[in-house]
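Good morning, colleagues. I should like to take you through one structure, from a side-chain contact to the arrangement of a sheet and its helices.

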Amino acid sequence: MQESPAFAKLVRDVVRDVGDPQIIWQIAALVGALAVAFVLRRWMIGRLDRHFERVAPSRRAGSSSLRRSFFPMFGWMCVALTRVVLQEHMRVSLLRLAEVPLFGTALIYLAFYFARRLFASSPQTYGLLKIFERVFTAFAWLSMLAYVLGVHDDILSWLASVRFAVGSSHLTLLSILSGLLWIGVTLVLAMWVGSLIEDRIMRTTTLDGNLKVVMSRLVKGVLTLIAVLATLSFVGIDITVLGVFGGALGVGLGFGLQKIASNLVSGFIILLDRSVRIGDLITISPYHGTVSQINTRYTVVRGLDGVEALVPNEQLVTNVVQNHSFTETRGRAKVNVQVAYSADVGLAMSLMLKAAEDVPRVLTDPPPSALLLNFGADGMDLEMGFWVQDPAQGSGAIRSTINMRIWRTFREHGIEIPYAQREIRILNDWADGVPVASVDRPDLPADTSKPALAQAQDGEKKPS
């Protein structure tokens with residue numbers, strides 16, 4: 001095993017300085033630099049918390065990893081600056097040694113921060129993110145350990161000696177691993193830049209919501225394609241091989257992936273023609289709710305009860321969709337009440353209109369209107385219609401508030417809400433006090449203590 005010259009020199013310097021009185025000054029300088037880093041960390045965390053109070057929760061993803069990276073990052077900077085200042089006056093081998101773990105730890109936490117920011121909007125990738133963090137941590141520490149032990153050159157030589165033949169190209173294990181590494185790095189950078197551009201596009205107020213989604217996806221797709229092609233060319237892989245893959249993909253789309261392709265194309269059609277937009281209140285049998293997401297394969301419809309339905313995009317294109325927010329962003333609701341025939345109808349209608357005043361989300365333009373619908377069996381049916389803002393939030397609470405106000409004001413003004421009244425008649429065998437049996441069947445005894453029908457039944461049971 002070949003020892004790393006840098007590591008050997010660093011170890012010799014540290015061992016030599018341990019017996020030197022100047023090691024105390026190095027320890028003091030290291031402690032002072034770390035103390036300054038701790039103060040800078042506290043100051044930076046305060047600024048970060050104040051910044052996060054003004055942004056959306058989705059933009060706070062990875063903040064814990066960013067907070068953890070502050071101390072090793074500032075510690076590495078302060079120790080490096082202290083070493084540069086003191087190296088002209090004293091030995092600084094201990095400071096050089098302290099820079100290695102500080103820099104590696106800061107790099108790991110910053111990688112975690114970028115990964116969490118990148119995949120914050122996708123809860124399905126939480127498990128993959130955990131795997132990425134563990135693999136990256138192990139790879140970073142193993143790389144630093146290999147460099148410190150001086151075996152990194154031997155490992156690289158062994159990887160370069162393992163060769164593979166792919167068609168006319170000859171690849172080594174080192175080139176494959178380096179290619180995968182560069183592809184991963186460029187993809188992460190491309191997706192991170194795409195996320196930054198997407199965040200900027202989504203915050204723009206001059207663009208339509210669907211156009212924002214289309215532009216964000218196009219930017220991410222183009223950046224990802226450029227990153228993959230550039231990396232493949234950089235590591236020496238002929239990208240003309242992708243033509244064969246494209247032909248196979250076309251055959252697969254023609255047979256087994258036609259539904260996926262149909263949903264993909266339908267998703268872009270929905271976004272471009274703006275027939276369904278994010279935030280619209282739609283009904284597509286049997287689902288009714290608000291469109292919360294328009295993804296590549298499906299659209300998320302959140303019902304008024306909070307249950308989310310994943311509707312394939314193809315159904316939104318081929319089926320009839322009731323869009324309650326297509327041209328009208330308001331929603332109409334109504335309350336019904338019945339008053340007695342003895343009530344003042346005009347007063348009742350004015351009280352109903354007054355009950356809708358100053359109710360949150362009830363619009364004054366157009367104003368509420370009261371109608372006399374019909375004359376019912378028990379009273380007069382009245383209806384008051386009104387328009388509400390943001391119908392996707394529901395109107396049950398508004399109707400409850402208005403009904404409570406109508407109930408109180410009707411009681412205060414003596415307007416009766418009638419009960420259902422029914423008249424019941426019990427028909428028997430008596431007519432004007434004379435048993436029916438004595439008229440219709442004179443052969444039966446006129447027993448006035450029983451109804452005629454009972455007497456008839458008793459007479460049929462007795463033997464002659």
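**A polar contact and three strand regions**

The side chains of Glu99 and Arg83 are joined by a polar contact of 2.4 Å; a polar contact is a pair of N or O atoms within 3.5 Å, and within protein one must be able to donate a hydrogen and the other to accept it, while residues adjacent in sequence count only if both atoms are side-chain atoms. Please bear in mind that this is a predicted model, in which local features need pLDDT of at least 70 and side-chain atom pairs count only at pLDDT 80 or more, whereas totals for chains, interfaces and linings use all residues. Residues are numbered from 1 along each chain as its sequence is written, and side-chain values use heavy atoms, with hydrogens and water left out.

Glu99 belongs to helix α4, residues 93–118. Helices (H or I, at least four residues) and strands (E, at least two) are DSSP runs, numbered from the N terminus. Is Glu99 buried or exposed? With a relative accessible area of 12%, Glu99 is buried; buried means under 20% relative accessible area, exposed over 50%, and partly exposed in between, for a 1.4 Å probe and protein chains only. Neighbours within four places in sequence aside, Glu99 is in contact (heavy atoms within 4.5 Å) with Trp76, Val79, Ala80 and Arg83.

Phe164, in strand β1 (residues 163–166), counts as partly exposed, because its relative accessibility is 38%.

I turn now to a hairpin. Strands β5 (298–303) and β6 pair in the antiparallel sense over five bridges; two strands pair if DSSP finds at least two bridges between them. Tyr298 stands opposite Pro312 in β6. Four residues lie between the two strands of this hairpin, and Gly306 takes a positive phi near 90°. In a regular strand the side chains alternate between the two faces of the sheet. Along β6 (308–312), Ala309 and Val311 point to one face and are buried, while Glu308, Leu310 and Pro312 point to the other and are not.

Finally, the open sheet. Its three strands follow the order β8-β10-β9, with antiparallel pairing. The edge strands, β8 (330–339) and β9 (369–375), each pair on one side only. Six bridges join β9 to β10, residues 380–389, and Ala370 stands opposite Met384 in β10. Helix α12 (345–355) lies across β8, β9 and β10, at about 20° to β10; axes are lines fitted to C-alpha atoms, for helices over the stretch in contact, and angles run from 0 to 180 degrees between N-to-C directions. Helix α13 (396–412) lies across β8 and β10, at about 30° to β8.
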